[in-house]
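Morning, everyone. I have one structure to walk through, so let's get it on the screen.

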Amino acid sequence: MIEVTNLAKRYGKVEVVADISFRISAGEIYGLLGPNGAGKSTTIGVISGLLRPTAGQVEVGGHDIVGSPEAAKRILGVVPQQSVVIEELSALQNCLFFGSLYGLGGGALRGRARELIDWIGLGEKAGQPAGEFSGGQMRRLTLVLALLHEPRALVLDEPTVGLDPQTRLRIHDAISEVARAGAAVLMSTHYLEEAELLCGRIGIIDHGRIIREGTLAELRASVQDVQLLSLRGGFDRDSLSALVGTIEGARVLHEDEHGVTIVLPSRTSGLAGILERAASLERVTEVSVKPPSLESLFISLTGRELRE
Amino acid sequence: MRLPLFRMYWQRSLRKPGSILLWMLIPFAFMAIYSLAFGGDGDITPRVGLAVVDRDSSLVSGFLRGAFGQRALSDLIDLKEAADTAEVAELFAREEASAALVIPAGFEDSVLALGDAPLLLLTNPRQSISPQIAEGVVGTLVSMGNGLTGIFAAPIGMIRALTLSDSVSADEVAATARAFYETGEREQGLAALADIDVSVVEEEQSGDELDEFNMAALFFPGLVMFALFTVSLSLETRFLYDRTRKVTHRIVSTPVRPARIVAEQRLYAVSFLLAVAVVSALAGGIVWRIAPVGLATAGVIVTALVLFIAGLNGAIFSLSNSVRATSAISSFVMMALVIVGGGFFPAEFWPEWMQRISRVVPTGIANLGLTRALTGREIGVSLPVLFAYSGVFFVAGIIAGRRRIT
């Protein structure tokens, strides 16, 4: 339903997205997982028809987003990163307006709008100006506005960022329901647990490139190979190198003034002894090991925490 | 034809019209100030305050003061009696008088003696134009007085003799009166003066003619033009706010083409400005009793004007996503165009070289055309040129807006 092929987006000499390809089938939820500035929103901007790609192709339901934007957009629902509602209009009027942009109208649109407003839990506020809504309510209304025309493909850019846990759960349920109804869903997130909970397949994106892609099971399997040793404090570089040199397959992933992160193969034996030696290094204040997880995989791939 | 964006913008405006309605009050507020400054009832001809200190309190000084009360002069001069120069200073300080005429003691004696009879005119240093008007009026009056004194020198001399005499007989008074009569008879020019009748012949105008000239018709259209600019600025700020809040982006992600989105925005802006113009014109026309003439021409000019304003501000607000930057540019351009276009003071009263500049800018063409149409005169400007401006800027507004949202 959504097919992205060798997509690139450049602003002058800055390459924001480079050679990204993925495909999302009907009923599938694909998660684009990456830290801020990784290129998620730019990728979604191109897929939504808001940005023109520098290279590559995006097809939605077989329609090229550049060549036939109207046809592609007609089957695409978009939930932008920030809540987008017309604040002076009520929830219902917002629905009637956005529905009319897809050529909908009359009783059918009104019925569909009321149905979705009730479904998302805003039934009692249907006649209230959207500007008076809380942040979570605006977000839910933004999702409703993307679903009015029953899109076959839904694109969500960080749909739950900054929301309270209750609203987040409600939106998670809604996204799952939309996918179960047969829509192809692409969502970007930097919440690992959200990606693990909702997405059948995940693409890990950093510096504009997808650096690992797979189903949750595939990614978990590759995770088994990796664990992270984290040391906080100040170090003598020679002592640190000597420590890393004694561990087979180990490498320094990230180093700054606060500490160092070392990637260890999960098969590494004698972890207790290594920890003891690490703790004995000069001025080390804290030593910890992250067990194999999607997060440790992400850090080992990008050198960054997801929420950096 | 379905125009979802056009409808949505109108819905929003009607739901929260507050700020825009405030802008609409601008021409009324300005016009009210003009009326208060120049006098009410739609007659805004300025009057000059002239204080008179009469130290002579004689028959002749009374004649002089009375001359300012004659109808033609009383329309222009607001005479205020003052006891002394201290009171004049107070009137000057309160700006209730622009000049003060001091009639010295012995003025009558000097006039009757046909000697020098100096008058003193003090001018208010706080003002510039009004004191000059007062000086001109007093100077003209004094010239006329000098002329009459010269003609009637002989009978005036007889009056002087009578006033110096201890006893006056009825024959002497009759002789003096006869002398005045005979002098008048002798001076054919003076007899002719009584028959002077000035007829003002106006060139015949095409279209409606005004029975009564209303100065508000000269000022109000310019102020409405200013209001249209400010309302337009307010509308464009809303569009820009939509852009920065990504509402416009969200709309672009629907199947509606960007060019259509911008076209509907412009259409809404034009329709809103037209509504503002019609409401303002109706209300202003009623309040200031502007005669309903030249309305068809005025309607055509206003349509061209709002197309121009909507296009111009659309283009300016597409330059940047910064409210501060675009508002500053738009405000500067607006003030320049409104001032040069005679929005605050009709260009008709300007020097010719400034009028020439005014006639080439769209606001000047529109304002001159409007004021002339509403005062029942030929508009004297080129409507095709005005529409050319409107067309160019309206299209520029759409093109620039489209580039900004895609």
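Start with helix α11 of chain A, residues 294-302. Seven of its nine residues are buried, so the helix is largely enclosed by the rest of the structure. Buried means under 20% relative accessible area with a 1.4 Å probe, counting protein chains only. Which residues of α11(A) are buried? They are Leu294(A), Ser296(A), Leu297(A), Phe298(A), Ile299(A), Ser300(A) and Thr302(A).

Some ground rules. This is a predicted model: local features need pLDDT of at least 70, side-chain atom pairs count only at pLDDT 80 or more, and totals for chains, interfaces and linings use all residues. Residues are numbered from 1 along each chain as its sequence is written, chains are lettered from A and ligands numbered from 1 in the order written, and side-chain values use heavy atoms, leaving out hydrogens and water.

Now the chains. Chain A has 308 residues, and 54% of them are buried. Chain A contains 11 helices and 14 strands. Those are DSSP runs, numbered from the N terminus: helices are H or I with at least four residues, strands are E with at least two. Chain B has 406 residues, of which 44% are buried. Its secondary structure is 19 helices and four strands.

Next, the interface. How many residues of each chain are in contact? The count is 29 from chain A and 21 from chain B. Contact means heavy atoms within 4.5 Å. The two chains bury about 2,400 Å² between them, and 59% of that lies on carbon and sulfur atoms. Buried area is the accessible area, with a 1.4 Å probe, that two parts lose on being put together, summed over both. Look at Leu50(A), Glu88(A) and Leu101(A). They supply 26% of the area chain A buries against chain B, more than any other three residues.

Charges next. The rule finds two salt bridges across this interface. A salt bridge puts a side-chain nitrogen of Lys or Arg within 4 Å of a carboxyl oxygen of Asp or Glu. One joins the side chains of Arg245(B) and Glu87(A), at 3.3 Å from N to O.

Which helices of chain A each supply at least two residues of the side that touches chain B? They are α2 (69-74), α3 (91-100) and α5 (135-147). The largest share, four residues, comes from α3(A).

That's the tour. Questions, please.

Conventions
Buried means under 20% relative accessible area, exposed over 50%, partly exposed in between (1.4 Å probe, protein chains only).
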